[in-house]
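Here is a set of exercises to work through with the model open beside you. Try each task before reading its solution.

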Amino acid sequence: MFKRENFLGDFWGGTAAMLVALPAAIAFGVTIYAVIGGHYGAYGAVAGILGVAAMGIVASLMGGTERLISAPSAPAAAVLAAFTLQTINQGIGADLVFVMLMIVALLAGLFQITFGVIGLGKLIKYMPFPVVSGYLSGVGLYIFASQAPIFLGLPQGTHFWDSFQITSAWQWQSIAVGLITIVTMLYADRVFRAIPAVITALVVGIGAYFAFGLIDPTLLQANNSFVIGELGGHEGINFDQMFTGRFETMLYIGWEEMALLFFPALTLAALLSIDTLKTCVILDSMTHSFHNSNKELIAQGSGNIVSALIGGMPGSGTMGATMVNISSGGKTHLSGFIEGVMAVVAFLVLATFIAWIPVAALAGILIVIGLRMIDRHSLKLLKSRQTALDFFIIAAVAVTALSVSLIAAAGVGLILAVVLYIAQQIGASVVYRHLDGTEARSKIVRCKEEENLLRTNGIDFSVYELHGSLFFGTANQLYTILQEDLQHKKYIIMDMKRVQTVDLTAAHILLQIKDILHDREGYLLLCRLPHKLPSGDDLENYFNHVGLLRHLSPIKVFDDLDDAIEWAEDKIIKEGLIEQKGEELLDLSNFDLFKGRKEETLEEIRSLAELRTYKKGELIYSEGDGNGEIFLIRRGSVRIMLPYPGRKSVHLSTLGQNNFFGEFSFLEGAPHYTDTVAGSDTDLYCISREAYDLFSKHHKKASLHFMLSLAAVLAERLRLTRSELGAEYDV
């Protein structure tokens, strides 16, 4: 699994990453377990180290993201410390709380694996930024508040606000060590660029502690209240008893207690997943790689399960240690594995040394980490009304995390984010463009009588191009926009090409619109229904399922917007013509192209023209057919289609009686470049270029008039096309 090509780079990268991750992990562990009291504070250091080892080794073996370093993290420390404090305040015994912490971490790992298996990895990283920012700011504030009493040297469990009321109990030794550690943490990078600041700060903090020991000899006494204390031996932790005792104590946890652990574990899993995937996204941008979110969650969950089983604390992919790994030469999974192995070595070698780490130094490190987690840039969001609500979400989540609990903050953040999204959707118009029937035109080329009728009666229909989400928040908005047209129009066309989602409320509003039109003998015309919404659903199938597209319902569905407009135009024309006569076969003398020609000239042209008849839907010619011929429509209509390989043909225009087509093939003497289909039962005149050339030799004046008439019609078509393009692109 591991590559040997970059062994030295991975070795130094993993070792350097361990040196960064280990002090922070010890601090996180002490923060969690010190709340329990007794010797558990010292055990917290062990839990942090075991977490580094388990996360590093297991996540790498499970094929997590290359170069990513996994270790105990601030979100885990904040959530578990809050959980521990809450359970202790409820009167639950220390030994039982100790086991409950293991179960929460174990469940969180199982949840992460579940997230990865069912494919939630790609969704978790899209958690709304205000929620993530607010939560991380809340975590930062919580860490600061929890470490402030320790920084002041007050007994474990002292509340943040209470610590400022008992100034007489402040310990100068603790404050001095903490201040020196904080200053070193803030400025170490400027002096010792090659050494991570957290290591420098810890070393300087320990040095300051022993220096103050020359002034106060009690600081040099073993297991005093200012240090972590002995990890093993007669006076320290009985590791065997603690490891085996956890599983024995689990027998006393009932279903009621397990139910209390479910939501904290789910919250912890979500936060650790977000923290990891956020780091992975940044890592991808730096290394031009692409991580597998679901695979990474499975790897992280496996690491957290193993960590919980061996007594370590959970964690996630961490940014600081990962950056150190990359800068030190780490390139593969091996660097993460080495980080875990070196953590075990450090524990075995430095166990005695760890007992003398001042808790004030760890508090100083965590205070800096916590303050850096607070999103100070979010204050700029208040400068604009558009982003003020985002700041409100960030602040609400952070305040809830600090005043209530981190678990409650997660719920508040998600609820507010959903409310903000709905508010933004409601504020956006669902109508992309609205055209009156006097402005919208189909591609059918109509005679002057029909054009005049449409100019007069085109107000009977409207076209609405919709976009975005049609749901309970915007459905009434659509109905309000349509209200005036519903009182006067007979045909409402809705183009749904840009629609993203539709819910049952929106479908019900469409049913109401259809019923209102039906009362006035009108129709609702739907076109370009997406057959694959972003959700994967077919909109036409959905409308069928909810009963909108019932048989004989006053609602029509069209594939193209032009087809819907053409249908509405035909209805208006038929209703507007007082005397409806059936189409009669046109003679050449009835065509505008030949008006004014002498009878003997027309007779000669008739002898050259071929009569053709096509049934509705029959192909007249395909792209590439023919070699120069023009068709004149005696009766019926034809549809001109532009074919595209591998996709649907584009409808260019529909031509009716007294029109012609195929003119470019005729003029160029070349094959046709479109497909042409009979739109109804159709009768045609077909004149080939070869026959026309013979005619023009004997009737030069007549042939010239024909060409001039042809050019005039083509010029008019070009003018109409230009107007349509101008309307389409708003030029």
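**Exercise 1. Place A148 and S146, and decide how much of each is covered.**

Step 1: Find the element. A148 sits in helix 6 (residues 129–151), with helices (H or I, at least four residues) and strands (E, at least two) taken as DSSP runs numbered from the N terminus. S146 belongs to helix 6 as well.

Step 2: Apply the cut-offs. Buried means under 20% relative accessible area, exposed over 50%, and partly exposed in between, with a 1.4 Å probe and protein chains only. A148 has a relative accessible area of 7%, so it is buried. S146, with 23%, is partly exposed.

Step 3: Look along the chain. A148 and S163 are 15 residues apart in sequence, and their C-alpha atoms are separated by 8.0 Å. For S146 and A81, 65 residues apart along the chain, the C-alpha separation is 8.7 Å.

A note on the source: this is a predicted model, in which local features need pLDDT of at least 70 and side-chain atom pairs count only at pLDDT 80 or more, while totals for chains, interfaces and linings use all residues. Residues are numbered from 1 along each chain as its sequence is written, and side-chain values use heavy atoms, with hydrogens and water left out.

**Exercise 2. Work out the strand order and edges of the 5-stranded sheet, then find the helices lying across it.**

Step 1: Read the order. This open sheet runs 3-5-6-7-8 with mixed pairing; two strands pair if DSSP finds at least two bridges between them.

Step 2: Find the edges. Strand 3 (431–436) and strand 8 (555–558) each have a single partner strand, so one side of each is left without a neighbour in the sheet. On average, neighbouring strands here are turned by 20 degrees against each other, direction ignored.

Step 3: Check one pair. Strand 7 (residues 523–527) runs parallel to strand 8, with 4 bridges between them. L526 has V557 in strand 8 as its bridge partner.

Step 4: Add the helices. Helix 18 (residues 475–488) lies across strand 3, strand 5 (461–470) and strand 6 (491–502), at about 175 degrees to strand 5. Helix 19 (residues 504–519) lies across strands 5, 6, 7 and 8, at about 175 degrees to strand 6. Contact means heavy atoms within 4.5 Å. Axes are lines fitted to C-alpha atoms, for helices over the stretch in contact, and angles run from 0 to 180 degrees between N-to-C directions.

**Exercise 3. Do the same for the sheet of 4 strands.**

Step 1: The order of this open sheet is 9-16-11-14, and the pairing is antiparallel. Strand 9 (610–614) and strand 14 (660–661) are the edge strands, each pairing on one side only.

Step 2: Strand 11 (residues 629–635) and strand 16 (residues 682–688) are joined by 6 bridges. Among the residues involved, I633 has L684 in strand 16 as its bridge partner.

Step 3: Helix 24 (residues 689–698) packs on this sheet and touches strands 11 and 16, its direction making about 60 degrees with that of strand 16.

**Exercise 4. Identify salt bridges and describe the surroundings of their residues.**

Step 1: Set the rule. A salt bridge is a side-chain nitrogen of Lys or Arg within 4 Å of a carboxyl oxygen of Asp or Glu. The count comes to 13 salt bridges.

Step 2: Take R441 and E451, whose closest N and O atoms are 3.6 Å apart. R441 lies in the loop between strand 3 and strand 4 (444–445), and E451 in helix 17 (residues 448–457). R441 is partly exposed at 23%, whereas E451 counts as buried at 19%.

Step 3: Try K514 and D515, which form a salt bridge at 3.2 Å. K514 is buried at 9%, while D515 is partly exposed at 38%.

Step 4: Finish with a network of salt bridges, which links D587, E599, E603 and R606.

**Exercise 5. Which residues form the nonpolar patch on the surface?**

Step 1: Patches are made of residues with over 30% relative accessible area and no salt bridge; like charges are joined within 9 Å, and nonpolar side chains (Val, Leu, Ile, Met, Phe, Trp, Tyr) within 5 Å.

Step 2: The members are V341, V344, V345, L348, V349, L350 and F353, with about 590 Å² of accessible area together, by the Shrake-Rupley method with a 1.4 Å probe, where for residues only the protein chains shown count as cover.

Step 3: Check one member. V349 is in helix 13 (residues 333–354), and its 61% relative accessibility makes it exposed.
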